Structure formats: structure tokens, C-alpha cells
Amino acid sequence: MAGTGKAHLRSAGAVLRAEDLVVEFPLRGGKRVHAVSGVDFDILPGETLALVGESGSGKSTTAKAIVQLEKPTAGHVHFEGDDLTVLRSGALRQVRSRLQMVFQDPIASLNPWREVLDIVAEPLQIWRRGTRREQLDAARAAMRSVGLDPETMGGRRASELSGGQCQRVSIARALMLEPRVVICDEPVAALDVSVQAQILNLLGDLKAQLDLSMLFISHDLAVVRMVSDRVMVMYLGKICEVASAASLYEAPSHPYTTLLLGSIPRLGQAPAAPGYGLGTEIPSPVDPPSGCRFRTRCPLATDLCTKEEPVLKEIAKDHYVACHHRNQRRPDADQR
Amino acid sequence: MKSKIDGAGPPPVLPAEPGLDGRAPARTRPKGRRRVGVWLAGAWLALVISVALLADVLPLADPTVNIAPAESAPFGAWPEFLGTDRLGRSVLSRLAHGAQVSLLIGVLATVFGMAAGVAMGMLSAVRPASDFVLGALTDSLLAVPGVVLLLALGATMGAGLTPLVLGLALYAMPSFARLARGTTRTVHGRPHVQAAQVMGAGQFRILVREILPAVLRPVIAYSVVVLASLVVAEASVSYLGLGVPPPTPTWGGMISDGQSSLDQAPYLVLVPAAILFITVLSLGVLGRSSRQGNP
Amino acid sequence: MKRLSRRSTPALGHRPPEQTAPDGRPSGTSAPLLVVDDLATEFATPGGPVLALRNAGLVLPQGRTLGVVGESGSGKSVLVRSIMRLLRSRGVRHEGSVRFDGEELLTASNARMRKIWGDRIAMVFQDPMTTLHPNHRIGFQITEALREHLPLSPDEAQDRALRLLESVAIPEPARRLRQYPHEMSGGMRQRIVIAIAIACAPDLLLADEPTTALDVTVQAQVLDLLSLHQSRRGMAMILVSHDLAVVSSRTDELAVMYSGQIVESGPTAAVLDAPLMPYTAALLRSTPTVDKAPGTRLHTIPGEPLPPERRVTGCRFASRCRYAVERCLTTEPPLAATPGGRGYRCHLPLDGTAAQEALAANLARGRTAAGLAVTETDVVRGA
């Protein structure tokens, strides 16, 4: 399958790199769900890459394919010199300590039958690092670092905590093994606004302290703006636009990105009607449109978009767009 | 008081606020009659179990020794309060000792069947290859009528406690396996299981720590129902003469013995049958209420 | 039908309705369509009674839009469900009053409520499948709703259903009428639900998180659709959301809820411009927006929301408030009203000097009266 181009991949130094990632699920009757159709990206040390898209865009499937919770149909995931897609289960386990994940549903991602302190200590127990006492001490320290008091919270179970507290526990657990990369799959989508802000700030602080790389998956461009260095917009299993956060929000260049940004409700402002995409919704990934997958909702679509799939091209410094009609370099590109 | 990252704990726990007018809340409780039924069932089972456990120390006659004329009617003097059987043995004593054997066989078979079934079911849920093999095995076990299975086992291993327990366990295993497999498949997709996978936990650890507790709840509720059906199954097999060999008393064996003199001494069948019936009914009531407790 | 000026004087607030409409119909304004007065709702649970809503009061004139904003557990859904009388079951008790077009709903009979539901008050839920039956075709569900309240022949109802689907911008409406709910996307289903809700031209539409389950591009469409029909038909609407931004641009009035209470209300623009209650201000600052610079630290509200059943003596927000003084812990702030039609529950409204003095004192001490640590950076960072 044709990828959407690799122009946006950096030449060297990436800690995590996905190439030509394809995930398809077979259906009855020989059809397939094309969840992820040729996605490439890389993450540099200390960088946060945000992956943004609506439901059905394949962003969560991408995350699961990276950590091999979902076996990719094709493609490679290079992580610190290993190709995770070809590793046997024993070797994959070894890698997993350095590649952690935080899930969307904070309460359901904790074992409901165990106490919180035990859950946080579990990664060390799995890897048999230190004595039981050392493991528990480390777990207490980790709980403190995410703003939880181990004395009052440590003995509770997930059902006795709020969503925000559970997400703090999840983060503490993910950091126990000192990972290089943490994948956050919609970590604040299930939380209240005031708690959302706490978790976003916490992630930002920890990332700075620990020099972590992060893949931050979200449907919300406003949330993403607060945490990311680089943003990648996905639609129906393909990448539309990749750019540094500053460039993307200042000059969104793919019609889909423009639609997404225009749809975000803004405080106290009249809704900015994007004027297109109205009345249409994301097509089924079982039978995606030919050529450019966004063309069925795009105001710029022409015959070319039906026939030929656009490839990611650089339109400004570190700003890549896969669109037939937005492929010129912006005049101010060289000054950036 | 707290770290810089806003982590204030919950506000201090204060006593719950009374209602709008201080009235006690109208709690929803199960219907009263069902509660009474559960209590009665529990009381009966407690009686049966304690009699079974204490059968050897209670002032009862030896269940294998003739103590009085054969087939003397019930409501006589102690210890032949419930009469004597064809050989002049105390029915009361035989019932008490029979409870011991019948329940022991039922419980052992249930526990073995549950352990094997849960292990098989969980394994087949996570291993496609074993799913095929174990699925075929459980399906064929379910296809063979239970009595035929026990007959075959009795024929090859001879009559006795061990083949009986093994046979009944084998009979109970497929339904446990199916229940465990279904629950495991549901739970396996939950985020906390995926989180354990991402942490690098091995499959055995995930099955035991993350999934087993979820599987055990429905399985334990179901096991009470299975126990009831196994007590009946043991009685059926003993009735057919394939159970524990005489003179060891079991409830099914007593019913079987009694049928030859059904017209002269109907109590020899009716009394153990009634006790068996009430016990199985009680187990059913308890099983149903425990399943309602864990939806 | 009742098309009334949407720009009538705002009459929303905690004031009792007598003040708003002394003789029922003051000059220039219509009688309020909905008056909620001191409404409380209590649920009986195995753990004891839970007071999920207390002292709720609001006045909604015909044709106007009220936004209700709050976090989970703030009581916003309980408020609209209580107004709609959807919570009348064993174990639920209401106090206070809900008057709709002069009629008390809390004591109305079930038969009376069935006449009002759909015909005069309609509701759109977060999950469209709350309204739609999975095993019936869309067309049947719409015509059934229409014929329940209107004397229509089957053909007329069918025709009306087709036009309704067109009016909610559903492509190929004739084909959609023959489909089942599961054959449609979430956004499509929510449009169908809106079509059913507006089918009988109700006077009041209650929309409880109508777009929370939808994608952002679809959310904008559905909200536009709601606003369009609301203004075209002169319906009054209560739009409930956890998202301040969703509510802010599409409502005339705003009510902010916290821990079972309405803590601030007033004209939307005024509340957003200069919130009086520290909770509203903090909520505004902690909402992520695309207008802030990338990497900006968000202002946070420390701690977790107070569950509505928890009993406290003073202000329910005091444990998380940076302005809290001793009085906030000992005395529950009464309802206060401003001449501009605003209401708030706070001892230290942010437009007064007392709030600034309290904050300065708390900063000097390093903590609030409730023991919450406050530092200069906390306050400066998000402001």
C-alpha cells in the first residue's frame, strides 16, 4: 500500500520511529477495516509528539500497534535499535520496560482488586528489581511525585479514588521503570476540566524533569496545544499534516486541520463556522475513499484528489502537508 | 502541606448529611419472602453439614451394624428414631453418615471440576491453539450423557470413591470451562489487563492477578448450583449400583436399597429422598441469591 | 406560534419570581416560561440519602437560552431531569417548585406530564440511544412521536417526518427513514433525536450534554442546528454542558454549578467577562484553548470536586478556593444579586476589594483559612 510519504521523518537520533505502519482487521465476508494505512513518524529524545484526530481516525490503534498490543499488519516500529514487530515475546517483554503507556479510562486501567501502592509497585515486582521493601519505598516516592499521599491513598482501591487520582496512579506506575517513551492515549479525555489541567501540568512537569519522550494521543486540539512540541493530524488512517506545534496552530494548511481548528468552541466567541464539512461525517474505514481520503468532505477537492493520493510535502520549515492543493512552499517559509 | 503539583487530598470526611427532613432513607431491599427462603436454606445446609461432620461423634448407632429387627417403622425409640432398613440398620445413623459421603463426593467433585474447568477455560481463552483442542474436548464431553460417562468410568476403574469423584468432576468440568472462557475473553480486553501487558507481565501473571479474580466471582456463584446437581448425580449413580460399594451408606444408595421394599416400608425411600430434595433445593436457593449478589 | 422577542430583558437569577414579574407581566417582558424556585433533589441510596441538588433557582423567559455548566457531580444533569420530572421514582424526593407556564410540575400527575412531554417540553440526551429504540425504523419512531401529540394521518405524518429530517440537514432523508439507528453514525442519530424533539414544536428544549459523545467537527454542526431551530421557532432552551466554551457562544444566560448548587448566574457575556465567584474564574482559566501559546501552563483548581452529598458548614468551594477566609468555612454564603441580573454565592465576590485583600492575606500566610497552600507563582502563573 502506498504510504503518505516520509519527507517528515528526521534523519537520525529518533528514539522511536514507526515506518509504513498498517493495521487492518478482517471482517466477515472478506472485507477489512483499514484502521491505519501506512503511517510514518518519529519521536526525538525529550520530544512530545501529539497525534490528533477524530474517532475512527486510527490514532488509538496506532498507539496499540506501537506497543504491540495490536499486531501491525505491516510496517516496522524501531525503538532504541530494535524492531518491535519482529521481536519474539521474550525479547519484547524486555523492551516493554522502557516503553510505557497511560490509558484513557483511568479507573478501568487499574486492577480493581489490588491496593494502589501495590499497583504502583507492580512493575518492579514483575522485573524483580530490589527487595519487597525497596519496591514499596520506590512506589511511595513515585506516588508523592505525582502528588498523591501514599499514607492516605496507598491502601485504597481504584474504585475508592476519583478519576484524576486514578490517572495519577497510572502515571506513577508508568514511570516506575524509568521508560524512555511514554504513550498517553487520551489521558485526560475522561476527566473534568479542572482536573484535566492538573494532569496536563503534571505530565509537562514530569516530562521536563525526566527528559521523557511522549506520544500524546488526543481528539482535542486545544488540549494538545498545551503539551506538544510537534503535532501530527490523522484522518481515516492516514497522516494529513505534521508540523511543529507553533507552525501548525499559526498556519494550519491541510483543509482537515482547518476544519478541526475551526470547530473548536471558543470561550465567549461566536462559533467560527468553517463553512464546509457540514452535514458530512467521517466515511467508514471499511471502504475508504480513493485517492485523498478527506476528499468527500473537502471544499478544495478536484478530480486529481479522487485519482491520486497526495504525499506529504514540506511547505515550510518542519511543516508537512499531504494535500494536492496546498503543496507550495509558503513565501515566508525561508525566514522561519 | 502538599507538593507543588496540586495534589491536595480529598477534603476531610464529614458525617453524611441527613435527608431533607432528617428521615432515614428508603433503602431498596430484596423482597422479604426471598430473604426468608435464603435464611431457611442456609439453616438447613448448616444442619446437614454439621451433622455430616459430627456423624462419628454424635450418639448414633453404627450405620453398618444391625441394631434392631429389620424394617421397624419410624418414630420408635432412639436410636432407631427413623426406623431401620431391610438389614435392621438405623436409618437415622445411615442418613447422617450418608450425608458425610454424599457431600464429600459432591464437594470434592465440584472443586476438582471447577479447578480443571477454570484452568482449561482461561487457557483456551488466551491461546487460540489450545482453544481448538479444549473446545473439541469440552464439546464432546457435553455431548456424552453424564450417566453414560459415569458408567464408562465405573466399568474401567471399578466402583469406588475415586472413580466416582473423578467421573463427577469430569462431568462438571465443561460448564465451568465455558463460563471461565467467556469471562476471560471479556476481561482480557480491559485496560488494566493491557496495562499489565505493557508493563511486561508474563501471561501466567496476567491470568492469575488481573483476570482470575474476575473469573472467580461468577464461577463460585455457579459452583453452588453445580454442587447441587452433583449430589443428585451421585445419588443417581449409586441408585444404579455404580456408586460407593456397600456397606458404606450414601443417600443415593439408601434410595436404591429401599426401593425393593417400597410397598412394605415406603419411608426407606421417602425419607432419604426428601432429605436429598431439601438439600438440593437449598443449594439452588443459595446459588441463585449469590448470583444476584454478583451481577 | 409564540414568537417572542429573544432580546427581552434577562430575567434569570436566584431572585424569587415575584420580583421579576410582580403582576405576572411587567411591561416589555413576557411572563417567564419556566420558574424554578429553591429546588432540591435527594436520592435514597444504600449508603444513605444523597442530596444531589440544593437551593436551585432560575427564571427562563420564552425564547431564551440558558447554559448550565458544571463538572461531573455538580448536579447539572439532576437539575434538568428534575425540571423534566424524569426522576419521579422510588427513592427520589423533590422540594421546592418548578413552574412551567404557570403550572406546577413537581405535583403534576403522570398523565399530565405525558401530555407535557414532547408537546411542550422536549429533551435531547447525551446518548441518542436513550431516545431511539434499536429495533424500530427511524421513520416509525418519528411518525409515532408526531401522532402521539398531533392529529395526523399516517401519510401526513410520513410527510412531516421527511421534512423534519430535511430541516436537521440529513442527506437522503427518504432513505434514512427506512433505516435502523445502528445503521447511522452518532452524529446522524443525534440529529434524528433533535428532529424528534422539535417535531411537536415544544416551548422548551432541554439539551443535556447533546454533543459530548460526538467528534468536534460534528459537535459544531449539531450545536449550530440546535441554535438554528431554537431561534427560528422561538423555543426556550437549556443547554447543559461540562464545557464552558460550548455553552459560552450559544446562550443568553449562564448558570455555573458546583457540588449540587448554582454558584453563579447571569448574562453569559457578563459572567465570562468578569466572573464574581472564584470557582467560575478558576474554571475559565483552567479551560484549555487554542488561543493560548503552546506549552503554556494551565491554571489549575487544586484538589478534587466536593461530592454533593458531603456536608460542610460554610461555602462548598472553600476547600479549593485561594481566597478562602475564616468566614467561608463557618458561614454558608447566602444568595446575592446584583442590579445587572446576576446572582452569586460568595462572601468575597471578585469585583470587590475584600477578595483582593483576602488573597493578599492568604499569600502572606502561605495558606488559606481551609489550609490550602497558596504561593505567588500559583496565582501569577495562570492569571
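**Buried helices, sheet edges and chain contacts**

Modeller: Helix H2 of chain C has as its buried residues C:Lys76, C:Ser77, C:Val78, C:Leu79, C:Val80, C:Arg81, C:Ser82 and C:Ile83. Do keep in mind that this is a predicted model.

Colleague: Good to know! What makes a residue of H2(C) count as buried?

Modeller: The test is a count: a residue is buried if 20 or more other C-beta atoms lie within 10 Å of its own. The residues from C:Lys76 to C:Ile83 that I listed are classed as buried.

Colleague: And why is helix H2 of chain C described as largely enclosed by the rest of the structure?

Modeller: Eight of the eight residues of that helix, 76-83, are buried, so the description follows. Just after H2(C), C:Arg85 takes a positive phi of about 60°. For the chain as a whole, 52% of the 383 residues of chain C are buried.

Colleague: Let's turn to the sheet. Which strands of chain C stand at the edges, and why do we call them that?

Modeller: Start with the order. The open sheet of chain C has eight strands, running E6-E7-E8-E3-E9-E10-E12-E11, with mixed pairing. Strand E6 (121-124) and strand E11 (336-337) of chain C each have a single partner strand, so one side of each lacks a neighbour in the sheet, and both stand at the edges.

Colleague: What makes strands E3 and E8 of chain C a pair?

Modeller: Pairing needs at least two bridges found by DSSP. Strand E3 (residues 65-69) and strand E8 (residues 236-241) of chain C are joined over five bridges, in the parallel sense, and therefore they pass the test of at least two. Within that pair, C:Leu66 stands opposite C:Ile238 of E8(C).

Colleague: Where does helix H7 of chain C lie?

Modeller: Helix H7 (residues 186-198) of chain C lies across E6 and strand E7 (204-208) of chain C, at about 175° to E6(C). Since angles run from 0 to 180 degrees between N-to-C directions, a value of about 175° means that the two directions are nearly opposite.

Colleague: Now the chains together. How many residues does each chain bring to the contact between chains C and A?

Modeller: Chain C brings 43 residues and chain A brings 39. On the side of chain C, helix H8 (216-233), helix H9 (244-248), helix H10 (268-273) and helix H11 (278-286) each give two or more. H8(C) gives the most, eight residues. By class, that side of chain C has 20 nonpolar, 16 polar and seven charged residues.

Colleague: And how many residues take part where chains A and B touch?

Modeller: There, 27 residues come from chain A and 20 from chain B. Helix H2 (89-96), strand E6 (99-102), helix H3 (116-126) and helix H7 (193-210) of chain A each supply at least two residues to the side of chain A. The largest share, four residues, comes from H7(A). That side of chain A divides into twelve nonpolar, eight polar and seven charged residues.

Colleague: Finally, what are the domains of chain A?

Modeller: Domain 1 covers 1-98 + 195-266 + 275-326, and domain 2 covers 107-178. Their C-alpha centres are 31 Å apart. The contact between these domains of chain A takes seven residues from domain 1 and ten from domain 2. On the side of domain 1, five of those residues are nonpolar, two are polar and none are charged.

Key. Residues are numbered from 1 along each chain as its sequence is written. Chains are lettered from A and ligands numbered from 1 in the order in which they are written. This is a predicted model: local features need pLDDT of at least 70, side-chain atom pairs count only at pLDDT 80 or more; totals for chains, interfaces and linings use all residues. Ala, Val, Leu, Ile, Met, Phe, Trp, Tyr, Cys and Pro count as nonpolar, Asp, Glu, Lys and Arg as charged, and the others, Gly among them, as polar. A residue is buried if 20 or more other C-beta atoms lie within 10 Å of its own, exposed if 12 or fewer, and partly exposed in between; C-beta atoms are placed from the backbone. Domain bounds come from an automatic or database domain assignment.
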